[in-house]
Structure formats: C-alpha cells, structure tokens
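Biologist: I have this model open on my screen and would like to know where its labels come from. Could you take me through them?

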Amino acid sequence: MTPTSTHALFVLAYGTPERPEDVEAYFTHIRGGRTPSAESVQHLREKYEKLGGRTPLKEITEAVAEGLRARLRAEGRDDAVYVGMKHWHPYIKDVMHRMYDDGIRTATAIVLAPHYSKMSIGGYRKYIDEANAQLPTPIQVDFIERWGEHPSFLSVMETLVRDGLAKFPDGDRAKVTVVFSAHSLPQKIREWGDPYEAELRASAAAVADRVGITDWRWAWQSAGGTTEPWLGPDILDYLEELAAEGVSHILQVPIGFTAEHLEVWWDIDYEAREKAGELGMVLERTELPNARPDFVEAVRAVVGEHEGRG
Ligand code: FEC
C-alpha cells in the first residue's frame, strides 16, 4: 500500500541469515565484503543449525514495526513504518529505494540498539548515506544516534531486571550478582574517543540504581574472531573470576541488545550457561525487550521526542 504521508519511520536492525546456504554471504557482508575462511563459515553455520537453523531477529523487528504502526494509527498519524537490515535482506539500500518509489521524502531512523559506536551505529548511518547517494533526490533522514539513557528504555530494563531476579528462589535472591553485558568491539575504538563503553555503563548504572543494586558488574560478550585485541573481560573469562570470588548465582543482563538472536541464544544461553554450570554456578538471564508493548512504547517515545526537537 502506498502511504499518503511523505514522512516515514525507518526501523533498523542487524539482519540474520534465513537459511544455512545464506551464511557465507551474510558473514561476507558483515566483514565488509572480505570472504571468511571456509572453516569459519562452517563454524558459524553449525551454530545456526544447533539453534534450529535460524534466529527470530527479523520477525521480532517486524513485530516492533507493527506495534509502532498501530501506535501511530492510534495517534491519528499515517506515517509508514519500514524495516531495514544492516547485513541481510531487507537491506537498508533496497528499502530506501522502495521508500523513495513510495513517495517518502523524509524519515526518522532508529536502530534497535540503543548505544552509539562509530563502528556499530555509525555503520547503519553509512549504509543510509550510501543509499541516498543513489537516489534521484536524497530522502532527508533524521537519524537517532543514541537512546540508551532514555527513561522509557530504562524503565523497560528495570522491569526486566526485577523479573530476572524473580527467577531465583526467594532463598537465593540475596546471593545473586547482576552482570550487565554488551557486544564487544575492537579496543581501537578507545583511540577514537568512541562513546560506546561510557554509554553502555551509564545505562547499566541507571538501571541498577532504579532496581537498588549497588554491586553490579560488567563483562563483554560475542567478541569477533579477528587477531586484534577486543574489549574485555569476556563473559566466559569473567565467570571464572566471579567463581573465584565465591559468587554462586548470576543474573546476566545483555543491555546492549534489544532482541533475541544468535549472540544471546548462543553466547549466553548456550556458552555462558554451560560455563557457569561447569564452575558450579547458576546463571539466569533477563528476557529481552523483543516486541513487548512497553518497549514499543519506549521506541515511540524516543522517536516522538526526537521529532519534537527537529
Ligand atoms: O541472530 C542473528 O543471526 C544475528 C545476530 C547478530 C547481532 C549482532 C549485533 C552486533 N554485532 C556487532 C559487532 C560485530 C563486529 C563483528 C561482528 C560479527 C558478527 C558475526 C555474526 C554476528 N556478528 Fe555482530 N551481531 C550478530 C551476528 N559483529 C554471525 C560473524 C561471526 C563472528 O565474528 O562472530 C566482527 C566483524 C569482522 O569480523 O570484521 C565488530 C555489534 C552488535 C550490536 C549492535 C547491533 O545490533 O547492530 C556492535 C544482533
């Protein structure tokens, strides 16, 4: 359906391969066009296969978009809502061509990852700029760079942490150590003065404060397989440190992600949980915001405030 408004909301996420045969092309795109080794492709394909062949990232992103559509309609607005992916179909570039053909001339773009890094969020922006360079007239995109400290997001995370703590039996709750985590990035981002680490820790501190947790911890997860140094400690190593400290119960809060996908299902639910078990610890994780109504409301609030400022 062609929208009547020339303004759209553009909802962005990472992208996920749909079939095992997509994995090589997907991984190559993530690596900026450099083909990964056959071994690393096979290793990645096996991860997806062990998780049932695919992850729900695309469906969750579409559900958030559908929630936003309904929310906007309820407000009497007829903005179209489009979904674009960074590393797989529907690619940002293809969607922007469609938006242009549909008559869209201005858009507010939000990445469903709240914390800014030039390497992460900056990459989405780059794909938007590249797509715009191919259009007859660029779509004027108002790009939201960060929203990790927005009260509505913090409130969703507060609820998820409280619910996460409630997963432990009453008698164990006082023993729980809360460990926040996010996707690691190469340490070179520090040389750029990149705000990623500070933004993540500020979000974590604000959520901990709302819940009343004073002793919370931080670890990184999902570091890539390149030879350069990545931000640490990695969660798997950090679990060993925690075990040595005598910690027995852990609630992991992957605050850098908003949806369930490979990096949550594999790196936390499989690897970290297994490692914790080997160390004699109990590890639970918080649910992800996914397409929860309060999360859709939070995204709407962030977008609304941003548009109000524009
Ligand atoms: O469910 C799925 O299929 C997709 C899961 C997925 C999400 C995700 C989010 C982020 N990544 C970030 C940074 C990097 C950097 C590299 C990198 C590599 C991968 C690989 C897979 C992958 N990422 Fe990802 N990421 C997801 C999946 N990511 C698969 C390739 C195998 C591997 O290295 O593990 C390294 C690139 C390189 O080698 O040159 C850097 C960041 C996020 C969170 C922000 C966002 O969601 O956009 C940062 C979801």
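Modeller: Happily, and let us start with what surrounds the ligand: by class, its shell has 14 nonpolar, 8 polar and 3 charged residues. Here Ala, Val, Leu, Ile, Met, Phe, Trp, Tyr, Cys and Pro count as nonpolar, Asp, Glu, Lys and Arg as charged, and the others, Gly among them, as polar. Bear in mind that this is a predicted model, where local features need pLDDT of at least 70 and side-chain atom pairs count only at pLDDT 80 or more, while totals for chains, interfaces and linings use all residues. Residues are numbered from 1 along each chain as its sequence is written, and side-chain values use heavy atoms, with hydrogens and water left out.

Biologist: What makes a residue one of those that surround the ligand, and which are the closest?

Modeller: A residue is near a molecule if one of its heavy atoms lies within 4 Å of it. The ligand has 25 such residues around it, the closest being Tyr 14, Thr 16, Tyr 48, Thr 55 and Tyr 124.

Biologist: What makes Tyr 14 a donor of the iron atom?

Modeller: Donors are N, O and S atoms within 2.8 Å of the metal (3.2 Å for Na, K and Ca); water is not among the atoms, so sites may look incomplete. The OH of Tyr 14 is at 2.3 Å from the ligand's iron, and this is the only protein donor. You will find Tyr 14 in the loop between strand E1 (7–13) and helix H1 (23–30). Helices (H or I, at least four residues) and strands (E, at least two) are DSSP runs, numbered from the N terminus.

Biologist: Which side chains have polar contacts with ligand nitrogen atoms?

Modeller: A polar contact is a pair of N or O atoms within 3.5 Å; within protein, one must be able to donate a hydrogen and the other to accept it, and residues adjacent in sequence count only if both atoms are side-chain atoms. A side-chain N or O atom of Tyr 14 is 2.9 Å from a ligand nitrogen, and for His 183 the distance to a ligand nitrogen is 3.3 Å. Tyr 48 has a polar side-chain atom 2.5 Å from a ligand oxygen.

Biologist: Why is Ser 5 called buried?

Modeller: Buried means under 20% relative accessible area, exposed over 50%, and partly exposed in between (1.4 Å probe, protein chains only). Ser 5 has 16%, so the residue is buried. Leaving aside neighbours within four places in sequence, Ser 5 is in contact (heavy atoms within 4.5 Å) with Asp 78, Asp 79 and Ile 104.

Biologist: And what makes Lys 175 partly exposed?

Modeller: Lys 175 has 42% relative accessibility, so this residue counts as partly exposed. Lys 175 is in the loop between H6 and E5.

Biologist: How do you know that the span of helix H7 agrees with its number of residues?

Modeller: The expected span is 1.5 Å times one less than the number of residues. H7 (residues 196–211) has 16 residues and should span 22 Å; its end C-alpha atoms are 23 Å apart, so the two agree. Among the buried residues of H7 are Tyr 196, Leu 200, Ser 203 and Val 207. Those buried residues pack against helix H6 (151–165), strand E5 (176–183) and strand E6 (216–221).

Biologist: What about helix H5?

Modeller: H5 (residues 121–134) has 14 residues, so 20 Å is expected, and its end C-alpha atoms are 21 Å apart, which agrees.
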